[in-house]
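The following note sets out points on the model shown below, for consideration alongside the sequence and the coordinates.

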Amino acid sequence: MSNLWRPFSVPALASPLHVRKGKGVNLVDRQGREYLDAVSGLWNTSVGLNNPALVSQMHAQLQELSFSSLFHATNSPAERLSTRLVELSGGRMQHVYLSTTGSSAVEVALRVSRIYQRARGMPEKKRILSFDLGYHGCSGLGMGVSGILADEVAKSEDFPPHVQTIPSPLREGVSLDALATALHAGDVACLIMEPVLGSGGVIVPSKDYCREVRRLCSAHGALLIADEVATGTGRCGAMFASDLLELAPDVITLSKGLNAGYFPLAATLFAEHVVQPISAAQIALQYGCTQDGNPVGCVSALATLDFIAEQGLERRAAELGEHIRSELANSGCSVIREVRGLGMMIGIELAHVQGGAPFSAEESARVRLLCQEAGLLVYHFDAGLSLFPALTITEDEVAVMLDILNEVLATLC
């Protein structure tokens, strides 16, 4: 039993893993056993643990100014980070709201989308669309638009009103038809989507699909929100995965890799045309948390962005991710049905050799535990495993990762 109530668990449920220390992509538990972390913590420690380039700058900022609220003041790190994110967007985004988690970044994006519609005289446009296999965090609205949580959440809680899920782009034609039908009603404030659906199984839509999503949203006056909490800041081979897929969103959410897990931090980026009517109507966003724009968090993000640029990690993510997917696809393992992904987001769909039935969520979870017992930390989805290695993982560490994974999967054949 434990006094610690962990996320997505019943109270007092003990964990099978107690991490004591870590460096790079390697962890050590309290028994002294070592693990290779192939999922970057919770997809966020993208430049490795105990990275001196980040630790030194955070230490210096702690000595200079450890905290400053954005409620009635500002601070230089927050202003510098906002300017940097606008520059990285190529100027397409002009306003930045700094918060603390991916959930809060999504909450801000969704609430602003409704404020935007009201400010331009369309208060009836309040419905939010999302995908049935999407995940957008655990805030009130974020949970409500996380279709992948719907069955579990419905057992104990009610979803927020004016929220609708549509089919994910597993079948792009069906998804686009559903989107067009929903938008035609005229009451949709926004569509929120992950450029690559992570928890849903690393689903990568085509560019044609993304361009049509953009066209439909524009035609019906609905904002398009790209939830890049998992996909942004280099993970997929570019600063924004939405750029690679030609999604052209109105709003972008960032967290996880924004400062690589070194401090709670998130950002929501808005195009000028989203903010202009809100500003003209003088409507204040009724949202704010104590740690929003914390100077230490902002410095850690600036250091992360510098490190990614200096080390060429975006290009490395694209090249190494392609290598990993190729190695897995050509491994000859009979339980691997499909390998998919973008950059260092990799999904491995598993199927039984006899009959070819896909693995269930319970079976995939058991394979995940087998990997952990073998010293490799991976993630799982309903029909397989996913890999989100740090962008700094070495070629030798990739080889170890693949060796362990192949050994575990071979036992399933």
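1. Two strands are said to pair if DSSP finds at least two bridges between them. Helices (H or I, at least four residues) and strands (E, at least two) are DSSP runs, numbered from the N terminus. On these terms, strand β1 (residues 19-23) and strand β2 (residues 26-29) run antiparallel and are joined by four bridges. Lys21 has Val28 of β2 as its bridge partner. Two residues lie between the strands of this hairpin, where Gly24 takes a positive phi near 65 degrees.

2. This is a predicted model, in which local features need pLDDT of at least 70 and side-chain atom pairs count only at pLDDT 80 or more, while totals for chains, interfaces and linings use all residues. Residues are numbered from 1 along each chain as its sequence is written, and side-chain values use heavy atoms, with hydrogens and water left out.

3. On confidence, pLDDT (the predictor's confidence in each residue, from 0 to 100) averages 96 over the protein, and 100% of the residues score at least 70. The lowest mean, 86, belongs to helix α6 (residues 150-153), and the highest, 99, to strand β8 (residues 223-227).

4. The protein has 14 helices and 15 strands. Its radius of gyration is 21 Å, close to the 22 Å given by the globule rule for 413 residues, so the protein is as compact as a globular protein of that length. The radius is taken over C-alpha atoms, and the rule is 2.2 Å times the number of residues to the power 0.38. Of the 413 residues, 52% count as buried, that is, under 20% relative accessible area (1.4 Å probe, protein chains only).

5. An open sheet of seven strands follows the order β4-β10-β9-β8-β7-β5-β6, with mixed pairing. Its edges are β4 (95-99) and β6 (163-166); each has a single partner strand, so one side of each is left without a neighbour in the sheet. Within the sheet, four bridges join β5 (residues 127-131) to β6 in parallel, and Ile128 stands opposite Val163 in β6.

6. Two helices pack on this sheet, with contact meaning heavy atoms within 4.5 Å. Helix α3 (residues 76-88) touches β4, β9 (251-254) and β10 (266-270), and its direction makes about 130 degrees with that of β4. Helix α7 (residues 172-184) touches β5, β6 and β7 (188-193), at about 175 degrees to the direction of β5. Axes are lines fitted to C-alpha atoms, for helices over the stretch in contact, and angles run from 0 to 180 degrees between N-to-C directions.

Terms used: Buried < 20%, exposed > 50% of the residue type's maximum accessible area, 1.4 Å probe, protein only.
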